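Colleague: I've got this one open in the viewer and I'd like a close look at a single part of it. Could you walk me through one strand and what surrounds it?

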Amino acid sequence: MIARYGIGARKSLGQNFILDLNLTRRIARAAGPLDDGTTIEIGPGPGGLTRALFDEGAARVIAIERDPRCLAALGELAALYPGRLAIVDGDALKIDPVTLAEKPRRIVANLPYNIATALLLRWLDRIGEYESLTLMFQREVAERLVAAPRTSAYGRLSILVQWLCEARILFDIPPRAFTPAPKVTSSVVRLVPRPMPLAPADKAVLERVTAAAFGQRRKMLRASLKSLGVPVEPLLAAAGIAGTARAEELSVTEFCALASALALTSDQTRSRPRSDASGSK
């Protein structure tokens, strides 16, 4: 099929095809039972993983693909599974998968490396709409998703993902399994949305706090959080965190406490009456 449709992997699209049926079926099985609801695949390319999803019992698959060369190949695959494969011609960065199918829905994908993190951060906004996400990342990114405090991989992505999901690396896939072979090892990660976030927090404020803290991760928080533009010591005191702590030492729950304290500080600032700048009596 690749030869027939001239589908050579393009670096600009982050394409690395995995065609080994044993591996694609292993990925499909890792996603759990597929016979209920809809499985959404991102960047199916020539359809190697798509075939495996059907082989493992997927009732319905929606494939989002932006490469026009792959659309005809996927159309041929759709004819083999009548009524079970829907093809969406478009950019996954501009499409909300939630709008494509009713619950239960899940995402299973060998993500293009160049947009994998950006896609995940977008999906986190509506993570409760998914049953699970089974995704392939570069090993380095996968380690960041599951990293614990006080490790070098722990950072903003770790906190945002673990705040909303239970994340686990299932297995690695070596470079030689791909066409063309990338220079890095890949990992399949399973994300299961939590019934409730680990702790109360506003996502936008949590992103702001983690960006400030890890923007200067070697500095103490009393220095790194100055970029938030609010008095830092009262903020830390409200969250019950020592100013001498560093970003990588804080748990997800502690970052949520910081975010909540910052949100409260911002609300109080907005509600405070402004002084009369004219000086009139």
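Let's take E3: how many bridges join E3 to strand E4, and in what sense do the two run?

Modeller: Keep in mind that this is a predicted model. E3 and E4 (residues 85-89) run parallel, and 5 bridges join them. If you want a spot to click on, take isoleucine 64, whose bridge partner in E4 is valine 88. To get from E3 to E4 the chain goes through helix H4 (residues 68-80), and that β-α-β crossover is right-handed.

Now for E3's other neighbour. Strand E2 (residues 38-42) pairs with E3, also in the parallel sense, over 4 bridges. Here threonine 39 stands opposite valine 61 in E3. The connection is again a right-handed β-α-β unit, made of E2, helix H3 (residues 48-55) and E3.

As for E3 itself, it covers residues 61-65, and 5 of its 5 residues are buried. In a regular strand the side chains alternate between the two faces of the sheet. You can see that split here: Val61, Ala63 and Glu65 point one way, while Ile62 and Ile64 point the other. Both sets are buried, Glu65 included.

Follow threonine 39 across to the far side of E2 and you arrive at arginine 106, its bridge partner in E5. E5 (residues 105-110) and E2 pair in the parallel sense over 3 bridges. Just ahead of that, the loop between E4 and E5 holds proline 104. Have a look at the peptide bond between lysine 103 and proline 104, which is cis with omega about -5°. There is another cis bond between threonine 179 and proline 180, where omega is about -10°. Proline 180 sits in the loop between strand E8 (178-179) and E9. Most residues other than glycine have a negative phi, and most peptide bonds are trans. On the phi side, arginine 150 is the one to check, with a positive value near 70°. Arginine 150 belongs to the loop between helix H6 (139-146) and H7, and with a relative accessible area of 60% it counts as exposed.

Zooming out, E3 belongs to an open sheet of 7 strands with mixed pairing, in the order E4-E3-E2-E5-E6-E9-E7. E4 and strand E7 (165-173) are the edge strands, each pairing on one side only. From one strand to the next the twist averages 20°.

Some helices pack towards the other end of that order. Helix H2 (residues 21-30) lies across E5, strand E6 (132-138), E7 and strand E9 (186-193), and runs at about 165° to E7. Helix H7 (residues 156-164) packs on the sheet too, touching E7 and E9, with its direction at about 115° to that of E7.

Then there is the nonpolar packing. The largest core has 61 residues, and Ile42, Leu135, Phe137, Phe255 and Leu258 have the most contacts inside it. Helix H11 (residues 252-271) supplies the largest share of this core, 7 residues. Back at our strand, Val61 and Ala63 turn up in a second, separate core of 27 residues, which also includes Leu77 and Ala78.

For one residue of the largest core, try phenylalanine 255. Leaving out residues up to four places away in sequence, phenylalanine 255 touches Tyr154, Ile159, Leu206, Val209, Thr210, Ala213, Phe214, Ala247 and Leu250. Thr210 from that list lies in helix H8 (residues 203-215). Threonine 210 counts as buried because its relative accessibility is 0%, under the 20% cut-off. With neighbours within four places in sequence set aside, threonine 210 is in contact with Arg156, Ile159, Gly215 and Phe255.

One last stop for contrast is leucine 121, in helix H5 (residues 116-124). Leucine 121 is partly exposed, at 29% relative accessible area. Apart from residues up to four places away in sequence, leucine 121 touches Leu157, Leu160 and Lys203. The C-alpha atoms of leucine 121 and phenylalanine 214 are separated by 17 Å, with the two residues 93 apart along the chain.

Technical notes. Residues are numbered from 1 along each chain as its sequence is written. This is a predicted model: local features need pLDDT of at least 70, side-chain atom pairs count only at pLDDT 80 or more; totals for chains, interfaces and linings use all residues. Side-chain values use heavy atoms; hydrogens and water are left out. Buried means under 20% relative accessible area, exposed over 50%, partly exposed in between (1.4 Å probe, protein chains only). Two strands pair if DSSP finds at least two bridges between them. A crossover is right-handed if, with the strands pointing away from the viewer, the path from the first strand over the helix to the second runs clockwise. Axes are lines fitted to C-alpha atoms, for helices over the stretch in contact, and angles run from 0 to 180 degrees between N-to-C directions. Contact means heavy atoms within 4.5 Å. A nonpolar core is a set of buried Ala, Val, Leu, Ile, Met, Phe, Trp, Tyr and Cys residues joined through side-chain atoms within 4.5 Å.
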